[in-house]
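User: I am new to reading protein models. Could you walk me through a few features, one at a time?

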Amino acid sequence: MEEKEIKEEHWDKIISSKKKLFDLHLRSVWDYKYLILMFIRRDFTVQYKQTILGPIWYLVQPIISSIMYSFVFGTMAGVGTDGIPMLLFYYAGTMLWTYFTGCLNGCASIFTANQGIFGKVYFPRLTAPVAKCGFEAIRLFIQFLLLCVFILFYVFVKKTQINISLLCLTAPLIFLWVGLIGGSLGLIISSLTTKYRDLNILLAFGLQLAMYATPVVYPLSQIPGMFRSLVYFNPMCAPVEFFRMAFYGAGSISTEMIAVSLGETVVLLILGLILFSRNERNFVDVI
């Protein structure tokens, strides 16, 4: 009787339940990069499929907000802008804050917004919040191009002196910094709102207050010295002020504030990934 050769089974991919605390399977997110692109395309199509202006709406909101802030805070309240033209000052803050809130809100509602597909098909759940942040990054890129046009207009047409430094080359890192803060907070909140839906109401209210605790409509130099230490607890203060310093040559940010904000970002990212990983196992039973 001829002996049959027994071949060892080989699997290209093994799907198993996560047991370890730091078993996040981040590599699998890269394996599903095409799914991330599909999610980004889906969000773009759904949001602007039946609109007239399409992506131009990306520019309407920050322009109108910047004009309103210039009138209310710059003209009526007389809040200084460190010598930066008001439109440039408020536009930069609005642009970064819109990107931050977009990443945060998108990731915070990731389970409730995708509960239908999450409960039917397997794929790394982390691809959904990554795609949401990628979608917001497209909006940010379009708004940033308009900011560059504004800067050129002030420099060459209005002959305004704007001290752009080589730090402007760090713009992609600043955008990544802001996206990580917003996305990490969104992951943390998403893990809580699956059980406690009323936190969504608190989130909307809290973001409105948080904007006034961030140098969006005022520079850090306007904060009294007795309250200056409080800005270290807000990780968004450093990237907003650092962006203005890089592109306008004005700002009052210290290396300590940057280091603290980066440290807070790392902590939020790790905590968000852990909570999201643990919550994705049983969110179907909760929702």
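Analyst: Let us start with one side chain. Glu136 is buried, with a relative accessible area of 6%. Keep in mind that this is a predicted model.

User: How do I read that percentage? Is Arg139 buried or exposed?

Analyst: Compare the value with a cut-off: buried means under 20% relative accessible area. Arg139 has 15% relative accessibility, so it counts as buried. Glu136, at 6%, is buried too.

User: Which residue forms a salt bridge with Arg139?

Analyst: Look for a side-chain nitrogen of Lys or Arg within 4 Å of a carboxyl oxygen of Asp or Glu. Arg139 pairs with Glu136 in this way, and their closest N and O atoms are 3.0 Å apart. Both residues sit in helix H7. They are 3 residues apart, about one turn of the helix.

User: How many salt bridges does the structure hold?

Analyst: There are 4 salt bridges. Some share partners, and these join Arg42, Asp43 and Lys132 into one network.

User: Take me through that network. How far apart are N and O in the bridge between Asp43 and Arg42?

Analyst: The distance is 3.1 Å, N to O. Asp43 has 13% relative accessibility, so it counts as buried. Arg42 is partly exposed, with a relative accessible area of 34%.

User: And which residue does Lys132 form a salt bridge with?

Analyst: Lys132 bridges to Asp43, with the closest N and O atoms 3.4 Å apart. This pair links distant parts of the chain. Lys132 is in helix H7 and Asp43 is in helix H2, 89 residues apart.

User: Now empty space. How many cavities of 30 Å³ or more does the structure hold?

Analyst: A cavity is space where a probe fits but cannot get out. The structure holds 1 cavity of 30 Å³ or more. The largest cavity has a volume of about 30 Å³.

User: Which residues line the largest cavity?

Analyst: Its lining is Phe39, Arg42, Asp43, Ile110, Asn114, Ala128 and Lys132. Two elements give two or more residues each: helix H2 (33–48) and helix H7 (127–157). H2 supplies the largest share, 3 residues. By type, the lining of the largest cavity divides into 3 nonpolar, 1 polar and 3 charged residues. Notice some names from before: Arg42, Asp43 and Lys132 line this cavity, and salt bridges join these residues into one network.

User: What about pockets? How much space lies in the second largest pocket?

Analyst: A pocket is an open set of points, not a closed one. The second largest pocket holds about 450 Å³ of space. It has 21 lining residues, and the closest to its centre are Pro129, Val130, Cys133, Leu180 and Leu269. The elements that give two or more residues to this lining are helix H1 (26–31), H2, H4, H7, H8 and helix H11 (255–279).

User: How does the lining of the second largest pocket divide into nonpolar, polar and charged?

Analyst: It has 17 nonpolar residues, 4 polar and no charged. The largest share of this lining, 7 residues, comes from H8.

User: Tell me about H8, then. How far does helix H8 reach from its first C-alpha to its last?

Analyst: Compare the span with what is expected at 1.5 Å a residue. H8 (residues 171–193) has 23 residues and reaches 32 Å, close to the expected 33 Å. Now check burial. Of the 23 residues of H8, 17 are buried, so the helix is largely enclosed by the rest of the structure.

User: How many disulfides does the structure hold?

Analyst: It holds 0 disulfides. Cys107 is in none, and the nearest cysteine sulfur, that of Cys133, is 3.7 Å away. The cut-off is within 2.5 Å. Cys107 is also buried, at 1% relative accessible area. For Cys168, the closest cysteine sulfur is in Cys148, 8.9 Å away, which is too far for a bond.

User: Last topic: backbone angles. What is the phi of Asp82?

Analyst: Asp82 has a positive phi of about 60°, although it is not a glycine. Asp82 lies in the loop between helix H3 (57–76) and helix H4 (86–108). It is partly exposed, at 32% relative accessible area. Lys159 also has a positive phi, near 55°, and is a residue other than glycine. Lys159 is in the loop between H7 and H8. At 65% relative accessibility, Lys159 counts as exposed.

Notes: Residues numbered from 1 in each chain as written. Predicted model: local features only at pLDDT ≥ 70, side-chain atom pairs only at ≥ 80, totals over all residues. Heavy atoms only, no water. Buried < 20%, exposed > 50% of the residue type's maximum accessible area, 1.4 Å probe, protein only. Helix = DSSP H or I, 4+ residues; strand = E, 2+ residues; numbered from the N terminus. Expected span 1.5 Å × (residues − 1). 1 Å grid on protein atoms, 1.4 Å probe; cavity = no way out; pocket = protein on both sides within 12 Å on 5 of 7 lines; lining within 4 Å. Points joined across faces, edges and corners; volume = space filled by probe spheres on them. Nonpolar A, V, L, I, M, F, W, Y, C, P; charged D, E, K, R; others polar.
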